[in-house]
Amino acid sequence: MNHESVKGIAIAILFLLTLFAGLLPLKIRPSAGQGNTRQRFLSLCNCFAGGAFFATCLLDLLPMIRDKYQQAFSLAGIHTVFPVAEFTTCVGFFLVLTVEQIVHSFVDSSLLHGSHGNQSHNEPLLGRSAEDGFYSSTSSSFRPQQRKKTKAGESGFRVYILILALSMHSIFEGLALGLITDVDRLVQIAAAVVIHKSIIGFSLSVNLVQHEMETKTVVKSAILFSLMGPIGIGIGMAVLRNSTEQSSSLASGILQGIANGTFLYVTFFEIFQRELAERGSRLLKVLSMIVGYSVVTGLLFYEEHESPA
């Protein structure tokens, strides 16, 4: 079996398993009779997701970005000790922070005109639930329709920021897989990528369910994210035939660096900040973060250990 056939099988399996994992959290959405138990479980799953995102950011993406820059600079004959990968990550972080605050400014001057509070500036990326924070009784002067419109607008923007960060990572991870031609190495790494993407897809949907997004939004997000890995593999197969190694490495390093900064922002400003600000089960939440971090770390170690030299 040649490498293109293996990649075709990997595309199908990656899409189906990632989609299944992305839709699974809909089965544990809190209901009226089981709200407290399921809400606590979702909170712990969200913490698990935060740990998984944290490990992906520092242990998976950052070393990959360094390698891409080193390859591009080596081919171009450039030698530098400047931390380009870290710099690009910071650019991505401040980019999403700036965009987020610009959106808040427009919201404050339009939908929230007439309010004396500035709580929206302190909200996590996906916002809080309707029972606390910005949508609590401190904003009771708003009409219900206006609160609903505000929440929908804010949440919609923040959802796509999160999906954008994960999708860029997924595309370039698929791109890296698509550039592999050794069949044995391809099979080993494809297996680890499928497991890893399934965990991230589950984590993404858990985050959306935790913030009470509509079912159709969760489904669309799961489908969109599931498509990104296969698209990346397809792009990698095309790049393998049509572009130079230097140009592809440089473009990958730049875009993955920006995605990594966005990833970092989502992890700390959205997940960790929100969960640890709420009362109850703090040690369990920290333990869930550590478990999520450890799972991704184990997968990355396995992938590195099983990769042929």
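**Entry 1: Ile9 and its surroundings**

I began with Ile9, which is partly exposed at a relative accessible area of 43%. I note at the outset that the model is predicted. I placed Ile9 in helix H1, which covers residues 3-23. I then looked at the surface around this residue and recorded a nonpolar patch formed by Met1, Ile9, Ile13 and Leu17. Together these four residues have about 400 Å² of accessible area. The 43% of Ile9 lies between the limits of 20% and 50%, so I entered the residue as partly exposed.

**Entry 2: Overall fold**

I next went through the secondary structure and found 8 helices and 0 strands in the chain. Along the sequence I wrote the pattern down as α-α-α-α-α-α-α-α. The chain has 309 residues, and I noted that buried residues make up 46% of them.

**Entry 3: Salt bridges**

Side chains of opposite charge can pair when their charged atoms come close. How many salt bridges does the count come to? I recorded 3 salt bridges.

I looked up Arg66 and Glu86, whose side chains meet in a salt bridge at 2.6 Å, N to O. This pair links distant parts of the chain, with Arg66 in helix H2 (residues 35-76) and Glu86 in helix H3 (residues 84-109), 20 residues apart. I have Arg66 as partly exposed, with a relative accessible area of 34%. Glu86 is also partly exposed, and I entered its relative accessible area as 27%.

I turned to Glu214 and Lys216, where I noted a salt bridge between the side chains at 3.9 Å, N to O. Glu214 counts as partly exposed at 49% relative accessibility, whereas Lys216 counts as exposed at 52%. The limit for exposed is over 50%, so Lys216 at 52% falls in that class.

I then took up Lys285 and Glu275, whose side chains form a salt bridge at 3.8 Å, N to O. Lys285 lies in helix H8 (residues 282-306) and Glu275 in helix H7 (residues 245-277), so I read the pair as tying together parts 10 residues apart in sequence. Are these two residues buried or exposed? Lys285 is buried, with a relative accessible area of 3%. Glu275 counts as buried at 0% relative accessibility.

**Entry 4: Helix H7**

I followed helix H7 from its first C-alpha to its last and noted a reach of 46 Å for its 33 residues. That is close to the 48 Å expected at 1.5 Å a residue. Where does H7 bend? I located the bend at Thr267, with an angle of about 25°.

**Entry 5: Aromatic rings**

A pair of aromatic rings is described by the distance of the centres and the angle of the planes. I recorded 10 aromatic pairs in the structure. I looked at Phe93 and Phe94, whose ring centres are 5.5 Å apart and whose planes stand at 90°, so I entered the pair as edge-to-face. Phe93 counts as buried at 18% relative accessibility. The limit for buried is under 20%, so the 18% of Phe93 places this residue in that class.

Which residues do ring pairs link into a cluster? I listed Phe54, Phe268, Phe272 and Tyr293.

Terms used:
Residues are numbered from 1 along each chain as its sequence is written. This is a predicted model: local features need pLDDT of at least 70, side-chain atom pairs count only at pLDDT 80 or more; totals for chains, interfaces and linings use all residues. Side-chain values use heavy atoms; hydrogens and water are left out. Patches are made of residues with over 30% relative accessible area and no salt bridge: like charges are joined within 9 Å, nonpolar side chains (Val, Leu, Ile, Met, Phe, Trp, Tyr) within 5 Å. Accessible areas come from the Shrake-Rupley method with a 1.4 Å probe; for residues, only the protein chains shown count as cover. Helices (H or I, at least four residues) and strands (E, at least two) are DSSP runs, numbered from the N terminus. Buried means under 20% relative accessible area, exposed over 50%, partly exposed in between (1.4 Å probe, protein chains only). The expected span of a helix is 1.5 Å times one less than its number of residues. The bend at a residue is the angle between axes fitted to the seven residues ending there and the seven starting there. Rings of Phe, Tyr and Trp (its six-membered ring) pair if their centres lie within 6.5 Å; planes under 30 degrees apart count as stacked, over 60 as edge-to-face and the rest as tilted.
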